[in-house]
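Open the model in your viewer and keep the selection panel at hand. Each stop below says what to select and what is there.

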Amino acid sequence: MGSAAHRRGAPHGDLMFKIAKSNWDRTVLVCTKCSKKVDGGFGPKGKTPLLKALRAVLGKGRKAPVGVLPVKCLGVCPKNAVTIIDSRRPREWMIVPSNTPVAQIVTALDEHPVGRGTDERDHVRDALRPV
């Protein structure tokens, strides 16, 4: 079967997998091709890439509350902007113009989608929350 670490993993059918834990509640995907095209474009001096600026605010690594990950081209390719996707709203991709304050981007990420009401996962999360 394999090593002891392999046997300690979580069962998945006939296979066993290791589990790496994180504190992430959600993931934000940032298009690296868009980021290269705007040549930085964020932060106080407008020279910081969006990925780095978001990680500075939201945290970095598995212990951060939000995972901010780079992805290859998402295919939108806006001019002077970067495409990002919030895992809580995968159907609504954000096109973020360069020089947008990072605090404004984080606020937009935290807001509920307009016209859709609350996400059903919020109801599940509220139901599971101890009283």
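Which residues does Thr100 touch, not counting residues up to four places away in sequence? Select Thr100 and look around its side chain: Phe42 and Ile105 are the residues touched, with that exclusion applied. This is a predicted model. Thr100 sits in the loop between strand 6 and helix 4 (102-110). Its relative accessible area is 14%, so Thr100 is buried. Now show polar atoms. A polar atom of the Thr100 side chain lies 2.6 Å from the backbone oxygen of Pro97.

**Stop two: strand 5**

Select residues 81-86, which make up strand 5. Six of its six residues are buried. Side chains in a regular strand alternate between the two faces of the sheet. Check each side here. Ala81, Thr83 and Ile85 are on one side, and Val82, Ile84 and Asp86 are on the other; all are buried.

Now add the neighbours. Strand 6 (residues 94-97) pairs with strand 5 in the antiparallel sense, over four bridges. Find Met94 in strand 6: Ile84 stands opposite. Strand 3 (residues 26-31) also pairs with strand 5 in the antiparallel sense, over three bridges. Pick Leu29, and its bridge partner in strand 5 is Ile85. Pick Val30, and the partner in strand 5 is Ile84.

**Stop three: strand 3**

Stay on strand 3. Five of its six residues are buried. Next, select residues 66-71, which form strand 4. Do strand 3 and strand 4 run parallel or antiparallel? They run parallel, and six bridges join them. For a marker, label Val28 and Val68, which stand opposite each other.

**Stop four: the charged network**

Select Arg26, Asp86, Arg88 and Asp110. These residues are linked in a network of salt bridges. Side chains of opposite charge can pair when their charged atoms come close. How many salt bridges does the structure have? The count comes to three.

Take Arg26 and Asp86: their side chains meet in a salt bridge at 3.6 Å, N to O. Arg26 lies in strand 3 and Asp86 in strand 5, so this pair ties together parts that are 60 residues apart in sequence. Turn to Arg26 and Asp110, whose closest N and O atoms are 3.1 Å apart in a salt bridge. That pair links strand 3 to helix 4, with the two positions 84 residues apart in sequence. Finish with Arg88 and Asp86, where the closest N and O atoms of the salt bridge are 3.7 Å apart.

Colour the four by accessibility. Arg26 counts as buried at 9% relative accessibility. Asp86 is also buried, at 2%. Arg88 is partly exposed at 29%, and Asp110 is partly exposed at 45%.

**Stop five: Arg89**

Move to Arg89, in the loop between strand 5 and strand 6. Is Arg89 buried or exposed? Arg89 is buried, with a relative accessible area of 12%. Its side chain reaches the backbone oxygen of Glu111 at 3.2 Å. Measure across to Val28 as well: the C-alpha atoms of Arg89 and Val28 are separated by 9.9 Å, though the residues are 61 apart along the chain.

**Stop six: helix 3**

Select residues 50-58, which are helix 3. Highlight Leu50, Leu51, Ala53, Leu54 and Leu58, which are buried. Look down the helix axis: the buried residues fall within an arc of 165°, so they line one face of the helix. These buried residues pack against strand 3, strand 4, strand 5 and helix 4. Rotate to the face turned away from them, and the exposed residues Lys52 and Ala56 appear. Just after the helix, Gly59 takes a positive phi of about 105°.

**Last stop: the cysteines**

Why does the structure hold zero disulfides? A disulfide needs two cysteine sulfur atoms within 2.5 Å. Select Cys34: its closest cysteine sulfur is in Cys31 at 3.5 Å, too far for a bond. Select Cys77: the closest cysteine sulfur is in Cys73 at 3.8 Å, again too far. Cys34 is buried, with a relative accessible area of 3%, whereas Cys77 is partly exposed at 32%.

Key
Residues numbered from 1 in each chain as written. Predicted model: local features only at pLDDT ≥ 70, side-chain atom pairs only at ≥ 80, totals over all residues. Heavy atoms only, no water. Buried < 20%, exposed > 50% of the residue type's maximum accessible area, 1.4 Å probe, protein only. Pairing = 2+ DSSP bridges. Polar contact = N/O pair within 3.5 Å; in protein donor to acceptor, adjacent residues only side chain to side chain. Contact = heavy atoms within 4.5 Å. Arc of directions from axis to C-beta. Salt bridge = Lys/Arg side-chain N within 4 Å of Asp/Glu carboxyl O.
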